[in-house]
Amino acid sequence: MRKRPLSFMCLTFLIIQGMIIIIRGGLSFAEMPASSIFQKPEGQEVYVTGMVYNKKTTSNTQILFLKNNSISIQENFMIYDSDFNRISIGETIQIEGTISHFDRAHNPGNFDQMLYYAKDHIYGAVFCEEILQSDGGGSKIKEGLYQLKIAWKE
C-alpha cells in the first residue's frame, strides 16, 4: 500500500461510507411518504393544480410532470393527457382526473414502477379528464429545448 496511496484512500472512503449506511439503518430511499391523495382509493376523482416542470410524449398520450401542486407541496405528479392539449413547460394548470397508483414488483427482479418513480419524488399518476384552467405563461426556453428534443428524435 505504500506505493499505491490512492488505492488506500479509496478503500478507506468505501469503508467509511459503508459504516455510515449501516449506522443510518440501510438504504431506505424507497419509503413512501404519507400522502393525502394517494391514501385515497384508485379511480377517485381529484382536482390538481400545479406547474408543469417536464413532459414526455408517447404514441397515444402526453405525460405532464407537475410540481408545487395544491394537494401537497412535497409531492410531484405525472398527468396523463390523451387529448394532447398544448401545455408548455413552466405553465401552471388545473386539471380534473382520476388517481392511479404505481405498481409494485410482484416477483423479485421484476420492474418496480413505484420504486422507479419514487427516486424522482413522484408517487402517483392522475389521468386527465379535463384541463380546467391554464395560466398561459411558460418558460419559452425550456419549451423550445423540449421541442428541439422532439424534432431531434424524429
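**View 1. How sure the predictor is, from place to place.** Among the parts of the protein chain, β3 gets the lowest confidence, with a mean of 79, while helix α3 (residues 140-153) gets the highest, at 87. Keep in mind that this is a predicted model. Averaged over the protein chain, pLDDT comes to 76, and 81% of the residues score at least 70. Residues 28-34 are a weak spot: pLDDT stays under 50 there, and the model has 8 contacts for this stretch beyond four places in sequence. Where pLDDT is low, the predicted coordinates should not be read in detail.

**View 2. A barrel made of 5 strands.** Go round the barrel and you meet the strands in the order β1-β2-β3-β5-β4, with mixed pairing. From one strand to the next, the twist averages 55°. β1 and β2 are antiparallel and share 6 bridges; here Val52 sits opposite Leu66 of β2. β2 and β3 also run antiparallel, joined by 5 bridges. β3 and β5, on the other hand, run parallel, with 4 bridges between them.

**View 3. Strand β3, tucked inside.** Of the 6 residues in β3, 6 are buried, so the rest of the structure largely encloses this strand. Asn76, Met78 and Tyr80 point one way, Phe77, Ile79 and Asp81 point the other, and all of them are buried. That fits a general pattern: in a regular strand the side chains alternate between the two faces of the sheet. Look for Met78 with a bridge partner on each side: Phe65 and, in β5, Ala125.

**View 4. Two separate nonpolar cores.** The largest nonpolar core holds 13 residues, and Val48, Leu66, Ile79, Ile93 and Ile95 have the most contacts inside it. β1 (45-57), β2 (62-67), β3 (76-81), β4 (92-100) and β5 (122-134) each chip in at least two residues. A second core, separate from that one, has 9 residues, including Phe65, Tyr80, Met114 and Ile122. Back in the largest core, zoom in on Leu66: beyond four places in sequence, Leu66 touches Val48, Gly50, Met51, Val52, Tyr53, Asn76, Phe77, Ile79 and Ile93.

**View 5. Thr61, a buried loop residue.** You'll find Thr61 in the loop between β1 and β2. Its relative accessible area is 11%, which is under the 20% cut-off, so Thr61 counts as buried. Who keeps Thr61 company? Beyond its neighbours within four places in sequence, Thr61 is in contact with Lys56, Tyr80, Asp81, Ser82 and Phe84. A polar atom of the Thr61 side chain lies 3.3 Å from the backbone oxygen of Asp81.

Notes
Residues numbered from 1 in each chain as written. Predicted model: local features only at pLDDT ≥ 70, side-chain atom pairs only at ≥ 80, totals over all residues. Heavy atoms only, no water. Core = buried A, V, L, I, M, F, W, Y, C linked by side-chain atoms within 4.5 Å. Buried < 20%, exposed > 50% of the residue type's maximum accessible area, 1.4 Å probe, protein only. Contact = heavy atoms within 4.5 Å. Pairing = 2+ DSSP bridges. Axes fitted to C-alpha atoms, helices over the stretch in contact; angles between N-to-C directions. pLDDT = per-residue confidence, 0-100. Polar contact = N/O pair within 3.5 Å; in protein donor to acceptor, adjacent residues only side chain to side chain.
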